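Open the model in your viewer and keep the selection panel at hand. Each stop says what to pick and what is there.

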Amino acid sequence: MKQQKMKIISRRNVLFLMGSVASSALFTKFAMAKPNLALQRIKEISKSKVEEVDLFLDVPEIAENGNQVKVSFDIDSPMTKDDFVRTVYLLADGNPAPNVAKFSFTTDMGACSATTRMRLSKTQNVYLLAEYNNGKFAMTKSKVKVTIGGCGG
Amino acid sequence: MSKIKPRGKVPKKAAIDEIIEIKTLIRHPMHSGRMKDKDGKNIPKRIINKFLVKFNGKQVFGMDLEPSISTNPYIAFPFKAKVSGTFDFEWTDDNGEKYTMSRKMDVS
């Protein structure tokens with residue numbers, strides 16, 4: 001029965017079907033690529049084992065100048081050999097590239113925090129992704145409104 | 001171009017188990033590769049891509065920088081004082097140059 005049905009599909013139909021599959025794949029790629037660069041990167045890094053928790057990410061609500069936006073974070077961790085944060089990634093979803101910085105921590109630091117300044121090209125979300133020594137990931141995000149963009153475009 | 005000049009602030013003295021904050025700043029244009037000069041030509045990408053901190057020869061903190069980091073990158077981070085020693089800071093430029101700085105700290 002099934003084989004008979006297969007025969008009915010003509011060559012023209014097959015070509016049409018192939019074309020539509022290809023174009024729909026292309027469209028979804030277009031639709032996905034723009035807004036989710038940072039989230040895609042987070043998936044790549046964490047292999048989707050990520051928990052959304054409330055890490056302390058300090059960014060201004062409104063940044064008047066996107067060239068110099070102060071970012072600081074503080075992750076509650078004892079920073080002992082058995083329990084510490086190994087890597088912290090800072091990402092942004094509206095910049096030309098999602099990666100902003102990667103911090104490597106060691107137990108010698110006693111605390112897991114850092115401050116830096118970043119560029120934001122427009123209003124967007126800033127993501128913080130932390131990798132613990134046991135392989136777990138945690139993330140948080142915060143929205144920053146930008147009045148003047150800072151990527152020199 | 002103005003000279004690339006690293007600066008850093010480390011407390012000279014600290015108590016044992018005190019968590020101190022170290023602040024660093026390096027004067028660097030951090031050209032993202034997207035900015036244009038006065039004639040409308042693209043300025044090629046040139047950034048500080050790596051920052052490393054060693055304490056008595058052992059790496060304690062590292063950071064990979066991307067073009068999204070601002071001009072004159074400022075980095076502050078904590079450190080737990082245990083013994084006296086020397087911090088060695090190292091910034092790596094896209095063109096392969098390295099800028100270094102050392103600071104001493106006494107722990108009592």
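Start with strand S6 (residues 99-105) of chain A and S5(B): five bridges join them, and the two run antiparallel. Strands here are DSSP E runs of at least two residues, helices are H or I runs of at least four, and both are numbered from the N terminus. Two strands count as paired if DSSP finds at least two bridges between them. Pick A:Lys102; its bridge partner in S5(B) is B:Asp64.

This is a predicted model, in which local features need pLDDT of at least 70 and side-chain atom pairs count only at pLDDT 80 or more, while totals for chains, interfaces and linings use all residues. Residues are numbered from 1 along each chain as its sequence is written, and chains are lettered from A and ligands numbered from 1 in the order in which they are written.

**The interface**

Now select the whole contact region between the chains. On chain B, 25 residues are in contact with 28 residues of chain A; contact means C-beta atoms, placed from the backbone, within 7 Å. Strand S5 (58-65) and strand S6 (74-80) of chain B are the elements that give two or more residues to chain B's side. That side has 16 nonpolar, five polar and four charged residues. Nonpolar covers Ala, Val, Leu, Ile, Met, Phe, Trp, Tyr, Cys and Pro; charged covers Asp, Glu, Lys and Arg; the others, Gly among them, are polar.

**Strand S6 of chain B**

Show the side chains of S6(B). In a regular strand the side chains alternate between the two faces of the sheet. Which residues point to one face and are buried? They are B:Ile75, B:Phe77 and B:Phe79. B:Tyr74, B:Ala76, B:Pro78 and B:Lys80 point to the other face and are not buried. Buried means 20 or more other C-beta atoms within 10 Å of the residue's own, exposed means 12 or fewer, and partly exposed lies in between, with C-beta atoms placed from the backbone.

Next, add the partners of S6(B). Strand S7 (residues 112-118) of chain A joins S6(B) antiparallel through two bridges; A:Thr115 has B:Ala76 as bridge partner. Strand S3 (residues 19-27) of chain B joins S6(B) antiparallel through seven bridges. There, B:Ile19 stands opposite B:Lys80.

Widen the view to the open sheet of six strands. Its order is S2(A)-S4(A)-S7(A)-S6(B)-S3(B)-S1(B), with antiparallel pairing. The edges are strand S2 (56-58) of chain A and strand S1 (5-9) of chain B, each paired on one side only.

**Strand S8 of chain B**

Move to strand S8 (residues 98-107) of chain B. None of its ten residues is buried. Strand S7 (residues 85-93) of chain B pairs with S8(B) in the antiparallel sense over eight bridges, and B:Asp88 has B:Ser102 as bridge partner. These two strands form a hairpin with four residues between them. In the turn, B:Gly96 has a positive phi of about 95 degrees. Strand S2 (residues 13-14) of chain B pairs with S8(B) in the parallel sense over two bridges; B:Lys13 stands opposite B:Asp106.

**Chain A and the core**

Finish on chain A. It has three helices and nine strands, in the order α-α-α-β-β-β-β-β-β-β-β-β from the N terminus. Of its 153 residues, 31% are buried.

Select A:Leu90. Not counting residues up to four places away in sequence, A:Leu90 touches A:Val71, A:Val100, A:Ala101 and A:Leu128.

Note on methods: Two residues are in contact if their C-beta atoms, placed from the backbone, lie within 7 Å.
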